[in-house]
Number of protein chains: 2
Amino acid sequence: MTGKQFSSVWLREPRKATGPGRSREEIVSAALELLDSEGLGGLSMRKLGAKLDAGATSLYWYMANKDELLELAYDEVWGEMVIHAPEEVGWRDAASAVAYSMRQVILRHPWTADLIGRLAALGPNALRVTDQMRRSFSLAGFEGMEIDFANATLTAYVFGMTIPEVAWNNAMAQGQIDEATLRESVERLVSGYPDLRERLRANTYEDPQAVRAMCFDFGLVSVLDGLEARLVR
Amino acid sequence: MTGKQFSSVWLREPRKATGPGRSREEIVSAALELLDSEGLGGLSMRKLGAKLDAGATSLYWYMANKDELLELAYDEVWGEMVIHAPEEVGWRDAASAVAYSMRQVILRHPWTADLIGRLAALGPNALRVTDQMRRSFSLAGFEGMEIDFANATLTAYVFGMTIPEVAWNNAMAQGQIDEATLRESVERLVSGYPDLRERLRANTYEDPQAVRAMCFDFGLVSVLDGLEARLVR
DNA sequence: CGACGAAATCGAACGGCGTGCGAGTGCATT
DNA sequence: AATGCACTCGCACGCCGTTCGATTTCGTCG
């Protein structure tokens with residue numbers, strides 16, 4: 001039993017906010033700004049310290065390490081998710097709404113995409129959202145573990161659809177793209193796959209953002225239909 | 001038009017393997033070993049060089065930068081995905097099989113979870129899998145963009161379900177866990193959410209791995225049912 | 001008011017990282 | 001023997017997270 005313990009900010013009592021010093025909230029909020037504007041790689045303790053007119057190492061007074069800072073920032077974005085009471089709008093609309101909201105939040109804070117596979121969502125905001133989603137599926141008629149299964153399914157769909165979307169956006173934003181060159185290159189890649197190439201050509205003239213939105217809708221309806229099918233049985 | 005171009009290993013001609021020097025394959029395979037055994041953070045150019053009895057910077061002869069190395073390694077795991085010909089087993093079984101396969105591959109190479117949100121899957125193996133999946137959905141009866149939508153939906157589900165699973169595994173493996181302490185801590189977290197707490201207690205006595213497998217099955221069936229419902233209409 | 005202890009800050013330093021650069025080596029061809 | 005290409009690598013730069021111990025700030029109490 002000598003290994004490192006599982007640790008998380010949420011498992012420790014936060015430092016009392018007694019003194020007049022900086023506060024955790026201040027730090028996290030500055031970190032969020034940095035994350036939103038420069039991405040996950042753009043957040044360093046030194047930069048963050050500079051932004052707060054503080055030394056980099058001062059921050060370690062408020063959190064054990066950078067991972068804890070990320071946990072705090074991560075939960076902050078969970079706080080942006082909009083949830084409607086399923087008792088009022090019905091479980092399906094409530095589930096739809098939270099799905100759209102999750103996608104929007106991730107697209108607004110692309111750096112979260114990198115954290116989903118790294119951090120457990122145990123913060124207060126994440127718990128609140130989870131609890132509300134469970135209530136939706138409970139109201140729908142799921143029971144026992146199936147409540148969590150349904151919830152996991154919907155969440156998985158949204159994450160899985162949005163995370164690669166972020167990857168694509170990143171690749172695009174990484175620099176202005178010589179569209180002609182790119183298209184020609186990708187054409188070369190998909191040579192040998194006639195179906196893929198045909199599809200690529202067809203999609204070329206559509207608005208990519210609109211296509212992705214349609215795709216998300218299509219999948220969301222499918223997932224919800226599939227879940228609903230579990231109920232009538 | 002002075003920005004950095006979108007770049008990817010796949011968009012450049014590979015260096016000719018003329019001389020007797022090291023080869024890309026050798027390097028990528030060593031990188032895979034390092035990634036599997038030590039995770040994404042455990043792969044550094046210096047360590048990789050050492051493993052190959054080479055200087056770290058020698059590797060830059062074979063690839064432009066570390067990102068390209070990751071692209072190569074990433075596509076390598078796509079090569080492990082098992083695909084069945086949908087013409088023989090039917091589209092639904094083919095889709096199921098590839099879903100299970102994807103999950104297994106990701107669990108076997110947890111570091112991929114971090115790359116899904118960062119790299120575009122443009123390698124030859126990824127393209128092959130994508131093309132086969134499209135054939136499944138084409139055979140099922142989808143047409144036009146809906147082929148890609150259905151494909152994206154299934155893929156999203158698998159990724160979204162598996163990526164957080166990896167996160168959980170990582171947290172657990174990070175150190176031996178004092179289970180009692182952990183449970184007590186989490187209990188404290190979910191206080192205020194009676195439903196969550198009840199569920200936590202119920203799940204405590206189940207085998208987590210078995211529960212996750214059940215969850216995956218549940219969601220997969222739901223997603224496939226939902227997609228099938230798009231067809232009859 | 002002065003002193004004391006706790007709260008909070010910070011500079012220096014350590015070990016690690018990706019990678020640009022230019023000097024160096026070995027080898028096939030002329 | 002000389003040329004030129006394929007390949008290797010040591011050095012250095014500027015980042016990074018984090019530790020440590022010295023230092024400053026400040027509320028409180030005598």
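This report walks through a predicted model with two chains, A and B.

## The overall build

Let's start with chain A on its own. Its secondary structure comes to 11 helices and zero strands, so to speak an α-α-α-α-α-α-α-α-α-α-α run from the N terminus on. Along its principal axes, the C-alpha trace of chain A spans about 65 × 50 × 40 Å.

Chain A has 233 residues, and buried ones make up 38% of them. If you look at contacts in chain A with a separation of 6 or more, 67% of them come from residues 24 or more positions apart.

## How the two copies relate

Take chain A, turn it by 180 degrees with 0.0 Å of shift along the axis, and it superposes on chain B with an RMSD of 0.1 Å. The two copies are thus related as by a two-fold rotation axis.

What about the surface through which they meet? Here 100% of the interface residues of chain A are also interface residues in chain B, so the copies meet through the same surface.

## Where the chains touch

The contact involves 60 residues of chain A and 60 residues of chain B. On the chain A side, the elements giving two or more residues are helix 6 (112–115), helix 7 (124–140), helix 8 (145–173), helix 9 (179–190), helix 10 (194–204) and helix 11 (208–232). Which of these gives the most? That is helix 8 of chain A, with 18 residues.

As for the kinds of residue on this side of chain A, there are 34 nonpolar, 14 polar and 12 charged.

## A closer look at helix 3

Helix 3 of chain A covers residues 66–78, which makes 13 residues. From its first C-alpha to its last it reaches 19 Å, close to the 18 Å expected at 1.5 Å a residue.

Which residues of helix 3 of chain A are buried? They are A:Leu69, A:Leu70, A:Glu71, A:Leu72, A:Ala73, A:Tyr74, A:Asp75 and A:Val77. What covers these buried residues includes helix 1 (24–38), helix 5 (91–108), helix 6 and helix 7 of chain A.

## The nonpolar core

In soluble globular proteins, nonpolar side chains tend to be buried together. In this model, the largest nonpolar core has 116 residues. The members that touch the most others are A:Ala31, A:Tyr157, B:Ala31 and B:Tyr157.

To see one of these in its setting, pick B:Ala31. Leaving aside residues up to four places away in sequence, B:Ala31 touches B:Leu43, B:Leu48, B:Leu69 and B:Ala73.

## A few spots worth a visit

Most residues other than glycine have a negative phi, and most peptide bonds are trans. A:Asp53 is not a glycine, yet it has a positive phi of about 55 degrees. You'll find A:Asp53 in the loop between helix 2 (45–51) and helix 3 of chain A. Is A:Asp53 buried or exposed? With 8 other C-beta atoms within 10 Å, A:Asp53 is exposed. In chain B, the phi of B:Asp53 is positive too, near 55 degrees, and B:Asp53 sits in the loop between helix 2 (45–51) and helix 3 (66–78) of that chain. B:Asp53 is exposed, with 8 other C-beta atoms within 10 Å.

Now for B:Leu11, which lies in the segment before helix 1 (24–38) of chain B. B:Leu11 has 16 C-beta neighbours inside 10 Å, so it counts as partly exposed. In sequence, B:Leu11 and B:Leu122 are 111 residues apart, while in space they are 9.2 Å apart, C-alpha to C-alpha.

Definitions and conventions
Residues are numbered from 1 along each chain as its sequence is written. Chains are lettered from A and ligands numbered from 1 in the order in which they are written. This is a predicted model: local features need pLDDT of at least 70, side-chain atom pairs count only at pLDDT 80 or more; totals for chains, interfaces and linings use all residues. Two residues are in contact if their C-beta atoms, placed from the backbone, lie within 7 Å. Helices (H or I, at least four residues) and strands (E, at least two) are DSSP runs, numbered from the N terminus. Ala, Val, Leu, Ile, Met, Phe, Trp, Tyr, Cys and Pro count as nonpolar, Asp, Glu, Lys and Arg as charged, and the others, Gly among them, as polar. The expected span of a helix is 1.5 Å times one less than its number of residues. A residue is buried if 20 or more other C-beta atoms lie within 10 Å of its own, exposed if 12 or fewer, and partly exposed in between; C-beta atoms are placed from the backbone. Copies are superposed by least squares on the C-alpha atoms of residues with pLDDT of at least 70 in both. A nonpolar core is a set of buried Ala, Val, Leu, Ile, Met, Phe, Trp, Tyr and Cys residues joined through C-beta atoms within 7 Å.
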